[in-house]
Amino acid sequence: MKLNLKYDLIIDSPWTHRVKVKIHGQKPENINNLTFFMPSWSPGSYLMREYSRHVARPIFTSDNGEFLYFEQVEKGKWLLDFERSLLNKKCENFTFEYEVYCNELSVRTSHVNIEHAFIQGPSVFMGVENAYIESPKIEIHFPEIWSKISTGLKDVSDQRDRFIYEAKDYDQLIDSPIEIGCQETDGFRFLDKDFELAYWGQILKHNRDIKSDINTIVKTVSHMFNNELPFEKYTFICHFVPDNAGGLEHQNSTSLIFDSLSFDDDSRYQRWLSLVAHEYFHTWNVKCIRPKELGPFNYTNENYTSMLWLVEGLTSFIDDLCVLRSGLCDLESYLAELKNTLNRYFSIPGRYLESLEGSSFNAWIKLYRNDENTNNSTISYYLKGSIVFFIANIFLHRFKRDIRDLTLALWEDYKKHPERGILKVEFFEIFESLTSKNERDEFEMMVSTTQDIDIESYLSEIDLEVEYIQDDHSWLGITTETKGNNIHVSSVVLDGPAYKSGLNAGDEIIAIDSMRVTDQNFKKISKQLQVDKSYQISVSRIGCMKVLDVTIGRSPRKINSIRPRENAKALKVLMAQ
């Protein structure tokens, strides 16, 4: 069933954080009911966010002004029944009007206040079940004090005082975030394509050239796919706010959020550039090259796949690599970030309990729902995935190839059948064609099992030397948080000293060997604890006092540095020289 729908987005009282949506359509012939749905999740962010919880005041009316019968049939679905409506005449056109509360600032949600509106499509615009919405249009109404709209949607406005945009279909409509307000805008051209930059938020004065650096990243990433750009225009929507970071990819745009106080620090600015590279690389890897399960989407239920290690792991390796290859950081800075990545990996016991495939499949219930046991039960497909593709690049180098050869092979395979996704066996066949069966088998083992990875041997292969730091500092194997003046255990490391002694997440540490513990002295006391000595730790647990005998452990060793023995070989692999 095909439908032609026009959406009106009305923002008349932004301080209420509410927007109004009106959907105008024509009743299809021989169809007596339509089911409208609000998506439960956003592609690229694999968690059921239940956007319908923010919907209010749904109303259906006909073109003659009468109310049409409808009922809510599921948590995010509304059934419009034309036959049960008491009309004086036949209904030809209808309007569905509702409100949405938008007050969560992230790349996955919508945020509206007196300063701006950021509209994340799946959280605002409803679709129709079992219908193809052809060329939907959206007209945007906003306060006169605002002056700009930034989006990847096509501008089809017929008058200067109207703001009308068009999408190919419903998928593209909700895959095109919209920034409305007085944001700073800029842009550049590359390969005869326009790139729009939209900045919202406050940044202190700095010496970075954000526009030039984004331009450089765009050129470096595009080169990974022979500069074949699958869009006519690309939009970067950037939100700069303190203590926040994230990104979400879209077909011809991305929304980014980053700490506005990070631009004075080289390592943090390097992470910003990696974020830009990460989301832009997704234009090819996931928006085009994708697991078969990720499209066409079911927006109201989970879309399970065991291949997020491909779309996110490869992208997480490429992002830092492209910052290096673009010349925006040096080898030392790249290896420092690699050191941090490996130390995070080694600190997570969950790598022994769940494979990359399992982590991918269970993203819906684990990755975005961190709790005190997350690190003990799973491993991020971003984190381990980036390490696995770092190693895959070494495999490719054995055959005088590079990770770019893999991205190009995946791109050529996609172009043969863009309507469907890639299967796991097809990916590994492509990888084997660039290497050999031995490398393929080794790669598959890293993806499908929990067998630990001998990372040091792979680093040594390209003349990178790992220096560890091992000290005699005491270690309890816990993380803590301060509540008031008191210390509470927030997580316990699997098989660590605290875990073995029965210390629990949620415990409040009252005393150690009868010495009162507070926020002011906890660090001092912790430093004086001696390895292999036993201490009595008094805790409050669910309103009851407990005393536990805890034997202190030694801090696990960490990577202190990764250094090249011979710069030329490491650079040859990482820079594809």
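Two strands pair if DSSP finds at least two bridges between them. The exercises below use this rule on a predicted model.

**Exercise 1. In which sense do β19 and β20 pair, and over how many bridges?**

Step 1. Strand β19 covers residues 193-201, and strand β20 covers residues 233-241.

Step 2. Eight bridges join β19 and β20, and the sense is parallel. Two bridges would be enough for a pair.

Step 3. A198 can be used to find the register: I237 in β20 stands opposite this residue.

Step 4. Between β19 and β20 the chain runs through helix α2 (residues 210-223), which gives a left-handed β-α-β crossover.

**Exercise 2. Which strand forms a hairpin with β19, and which residue in the turn has a positive phi?**

Step 1. The hairpin partner is β18, with two residues between the strands.

Step 2. L191 lies in that turn and has a positive phi of about 55°.

Step 3. β18 (residues 184-190) pairs with β19 in the antiparallel sense, over seven bridges. One of the matched positions is G187, whose bridge partner in β19 is E196.

Step 4. For the cover of β19, count residues: seven of its nine are buried, so the strand is mostly covered.

**Exercise 3. What is the strand order of the open sheet that contains β4, and which strands stand at its edges?**

Step 1. The sheet has four strands in the order β6-β7-β4-β11, with antiparallel pairing.

Step 2. β6 (70-74) and β11 (127-128) are the edge strands; each has a single partner, so one side of each lacks a neighbour in the sheet.

Step 3. β11 is joined to β4 (residues 33-37) by two bridges. In this pair F37 stands opposite G127.

Step 4. G127 has 0% relative accessibility and therefore counts as buried. Leaving aside neighbours within four places in sequence, its contacts are Y7, T35, F36, F37, I133 and Y170.

Step 5. D171 is 44 residues from G127 along the chain, and the C-alpha atoms of the two are separated by 9.2 Å.

**Exercise 4. Why is the ring pair of F236 and Y280 classed as tilted?**

Step 1. A pair of aromatic rings is described by the distance of the centres and the angle of the planes.

Step 2. The centres of F236 and Y280 are 6.2 Å apart, and the limit for a pair is 6.5 Å.

Step 3. The planes stand at 40°. Stacked needs under 30 degrees and edge-to-face needs over 60, so this pair is tilted.

Step 4. F236 belongs to β20 and Y280 to helix α3 (residues 266-281), so the pair ties together parts that are 44 residues apart in sequence.

Step 5. F236 is buried at 0% relative accessibility, and Y280 is buried at 0% as well.

Step 6. Both residues belong to one aromatic cluster, whose members also include F231, W284 and W411. The charged end of K193 sits over the ring of F231, 5.8 Å from its centre.

**Exercise 5. Is S360 buried or exposed, and what does its side chain reach?**

Step 1. S360 is part of helix α6 (residues 356-361).

Step 2. Its relative accessibility is 1%. The cut-off for buried is under 20%, so S360 counts as buried.

Step 3. The side chain of S360 reaches the backbone oxygen of L356 at 2.9 Å.

Step 4. Not counting residues up to four places away in sequence, S360 touches T305, S306, M307, L308, W309 and Y381.

Technical notes
Residues numbered from 1 in each chain as written. Predicted model: local features only at pLDDT ≥ 70, side-chain atom pairs only at ≥ 80, totals over all residues. Heavy atoms only, no water. Phe/Tyr/Trp six-rings, centres within 6.5 Å; stacked < 30°, edge-to-face > 60°. Buried < 20%, exposed > 50% of the residue type's maximum accessible area, 1.4 Å probe, protein only. Lys NZ or Arg CZ within 6 Å of the ring centre and 35° of its normal. Polar contact = N/O pair within 3.5 Å; in protein donor to acceptor, adjacent residues only side chain to side chain. Contact = heavy atoms within 4.5 Å. Right-handed = clockwise from strand over helix to strand, strands pointing away.
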